[in-house]
Amino acid sequence: MPNYRIIVDLSDRRLYLLDSDIVVRAFPVGIGTMLTQTPTGDYTIINKQVNPGGPYGAMWMGLSRPHYGIHGTNDPASIGTEVSHGCIRMFNNDVLQLASLVPIGTRVTIRP
């Protein structure tokens, strides 16, 4: 059984899915702007919602820090940029793939 955890590296704007300590997938992400930065630290995924509507694309995965999450987008051109209000933004296909792999309770580390 996999032992998944997620590392979001803000400096290279990528989300890494690890099984134990081995990177099994890497995805490009959009991150917070200078004024609304993505918070660094250790969190967990506390909920998931398919098709949450609006700018959140095909999937929302809420983090243990209120009002922050990993989600899809209705603006694919924003991936790889500093554009969000602090959330981690992914391509819809990528976030659906990630959500299908990681259970609620998965650790998420966001590093500068």
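How many aromatic pairs does the count come to? In this predicted model, the count comes to one aromatic pair, and the views below start from that pair before turning to the sheet and the core.

**View 1. The aromatic pair of Tyr-56 and Trp-60.** The rings of Tyr-56 and Trp-60 meet edge-to-face, with 5.3 Å from centre to centre and 70° between their planes. Tyr-56 is partly exposed, its relative accessible area being 33%, whereas Trp-60, at 15% relative accessibility, counts as buried because the limit for that class is under 20%.

**View 2. Trp-60 in the pairing of β5 with β6.** Trp-60 belongs to β6, where it is the bridge partner of Gln-49. The strands β5 and β6 run antiparallel and are joined by five bridges.

**View 3. The open sheet of eight strands.** The strands follow one another in the order β3-β2-β1-β10-β5-β6-β7-β9, and their pairing is mixed. At the edges lie β3 (22-28) and β9 (88-89), each of which pairs on one side only.

**View 4. The largest nonpolar core.** This core has 24 residues, and those with the most contacts inside it are Ile-6, Leu-15, Met-61, Ile-70 and Leu-98. Two or more residues are contributed by each of the elements β1 (4-9), β2 (14-19), β5 (41-50), β6 (59-63), α1 (92-101) and β10 (107-111).

**View 5. The surroundings of Leu-98.** When neighbours within four places in sequence are left aside, Leu-98 is in contact with Ile-6, Leu-15, Leu-17, Phe-27, Met-61, Ile-70 and Met-90.

Technical notes:
Residues are numbered from 1 along each chain as its sequence is written. This is a predicted model: local features need pLDDT of at least 70, side-chain atom pairs count only at pLDDT 80 or more; totals for chains, interfaces and linings use all residues. Side-chain values use heavy atoms; hydrogens and water are left out. A nonpolar core is a set of buried Ala, Val, Leu, Ile, Met, Phe, Trp, Tyr and Cys residues joined through side-chain atoms within 4.5 Å. Buried means under 20% relative accessible area, exposed over 50%, partly exposed in between (1.4 Å probe, protein chains only). Helices (H or I, at least four residues) and strands (E, at least two) are DSSP runs, numbered from the N terminus. Contact means heavy atoms within 4.5 Å. Rings of Phe, Tyr and Trp (its six-membered ring) pair if their centres lie within 6.5 Å; planes under 30 degrees apart count as stacked, over 60 as edge-to-face and the rest as tilted. Two strands pair if DSSP finds at least two bridges between them.
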